[in-house]
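Grab a pencil and work through these exercises with the model open beside you. Try each task before you read its solution.

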Amino acid sequence: MSTQVSEEVREALHEGRPVVALESTIIAHGLPRPRNLTVARELEALVRSGGAVPATIAVVDGVARVGLDEGGLVRIAEDPAVRKLGHRDLAPALATGATGATTVSATAWLADTAGIRVFATGGLGGVHREWTETQDESADLRLLSRVGITVVCAGVKSILDVPATLQRLETLGVTVVGYGTEHFPGFYLASSGEPVDWTLRTPEEVAGVIRAKDALGEPCAGLIVANPVPEAEQLDPALHDRVLAQGAAAAKEKGIGGQAVTPFLLEYLMVHTDGASLEANLAAVRGNVRLGARIASAYAGGGT
Ligand code: PSU
Ligand code: MN
């Protein structure tokens, strides 16, 4: 079997202790070097201080690793040849000995296979604004309709078509709840302006929903816990809208397509907001990772 679960993660799962999966695409392709490595370590530390075991997931030399060690983290953060692997890329990556960072779709799949119930990230992929021309919809959405994992995120990246993405999630049967909010978060922004149907306010309430999903049985699908970045740490909405429009135009002009679109726009925003988007992004991810640890702990703690 070419999936390797680290000893620490395996033991924690075996003993029913809380584990939080973390993705690696944000490290390899979503954040600038060398800060990405610092962030990768910081996120793991945040999970630990929340009383859970972190499991950063990536493919290293053709082996899917659930729970990267320090060497693996350094490799993913520093090696410029690290690929971006969605769920569909896992098999060729394993078969050819490739090294790649896993997106939400690949991470959720590997985490679920390993028995991990909670996954924390920044923002999900979704339906791109140019969908009618490009049909670009992240594989994250469909994958989350197939695995019963709980994903804590700050909504979907605001570079996307948020209403269309929410519509797709409804069609796909993915449960969406706002955490402490009646609005779907806007990734860099505390709110996307779109309403959510359900609002939960404590990790225990989220754990209760996970248990209710368990009790309902098949068909299993994901639970999205949409946790907004604190308003004080969000990107200025006017700046966000202006720079994003410029970035989208630049991507079109340069003919950027496929997997390259998301990293291009994230970087464009970072450069053209003088790093403010990066700070908002990090604040969102940190909040999600902290909440992920609390949810995993509440779920592992049992209850009815
Ligand atoms: N959120 C971030 N930075 C990222 C991503 C999300 O803050 O780099 C990544 C996630 O791994 C997500 C992927 O799964 O972008 C979506 O890419 P695409 O749109 O190509 O499916
Ligand atoms: Mn895409």
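**Exercise 1: Follow the salt bridges**

In this predicted model, the side chains of R75 and D79 meet in a salt bridge, with 3.2 Å from N to O. Your task: find which residues are joined into one network with this pair.

*Solution.*
Step 1. Look for another partner of R75. D61 also forms a salt bridge with R75, and here the closest N and O atoms are 3.1 Å apart.
Step 2. Place D61 and R75 on the chain. D61 sits in the loop between β3 (53-60) and β4 (63-66), while R75 belongs to helix α4 (residues 70-78), so this pair ties together parts that are 14 residues apart in sequence.
Step 3. Check how open the two are. D61 has a relative accessible area of 46%, so it is partly exposed. R75 comes out at 27%, so it counts as partly exposed too.
Step 4. Now consider R168 and E137, whose closest N and O atoms are 2.9 Å apart in a salt bridge. R168 lies in helix α9 (residues 162-172) and E137 in the loop between α7 and α8, so parts 31 residues apart in sequence get tied together. R168 is partly exposed at 28% relative accessibility, and E137 is partly exposed at 22%.
Step 5. Put the shared partners together: D61, R75 and D79 form one network of salt bridges. A search of the whole structure finds 13 salt bridges.

**Exercise 2: A charge without a partner**

Take D136: is it buried or exposed, and which side chain of opposite charge is nearest?

*Solution.*
Step 1. Find D136 in the loop between α7 (131-134) and α8 (139-144).
Step 2. Recall the general idea: side chains of opposite charge can pair when their charged atoms come close.
Step 3. Test D136 against the cut-off. A salt bridge needs a nitrogen and an oxygen within 4 Å. The nearest side chain of opposite charge is K84, 8.2 Å away, and D136 is buried yet has no salt bridge.
Step 4. See what does touch D136. Leaving aside neighbours within four places in sequence, its contacts are G126, V127, H128, W131, G258 and V261.

**Exercise 3: Inside helix α4**

Which residues is A77 in contact with, once neighbours within four places in sequence are left aside?

*Solution.*
Step 1. Locate A77 in helix α4.
Step 2. Check its cover. A77 has a relative accessible area of 0%, and buried means under 20%, so A77 is buried.
Step 3. List the contacts: I27, R33, N36 and L37.
Step 4. Try a distance as well. A77 and T3 are 74 residues apart along the chain, and their C-alpha atoms are separated by 20 Å.

**Exercise 4: Zoom out**

How many helices and strands does the protein chain have, and does its radius of gyration agree or disagree with that of a compact globule?

*Solution.*
Step 1. Count the elements: 13 helices and eleven strands.
Step 2. Compare the radii. A compact globule of 304 residues would have a radius of gyration near 19 Å, and the protein chain has 18 Å, which agrees. The C-alpha atoms fill a box of roughly 50 × 45 × 35 Å along the principal axes.
Step 3. Look at burial and contacts. Of the 304 residues, 54% count as buried. Among contacts with a separation of 6 or more, 74% come from residues 24 or more positions apart.
Step 4. Finish with charge: the chain has 26 positive and 36 negative side chains, and the centres of the two sets lie 3 Å apart.

Technical notes: Residues numbered from 1 in each chain as written. Chains lettered and ligands numbered in written order. Predicted model: local features only at pLDDT ≥ 70, side-chain atom pairs only at ≥ 80, totals over all residues. Heavy atoms only, no water. Helix = DSSP H or I, 4+ residues; strand = E, 2+ residues; numbered from the N terminus. Rg over C-alpha atoms; globule rule 2.2 N^0.38 Å. Buried < 20%, exposed > 50% of the residue type's maximum accessible area, 1.4 Å probe, protein only. Contact = heavy atoms within 4.5 Å. Lys, Arg positive; Asp, Glu negative; His and termini not counted. Charge placed at Lys NZ, Arg CZ, Asp CG, Glu CD.
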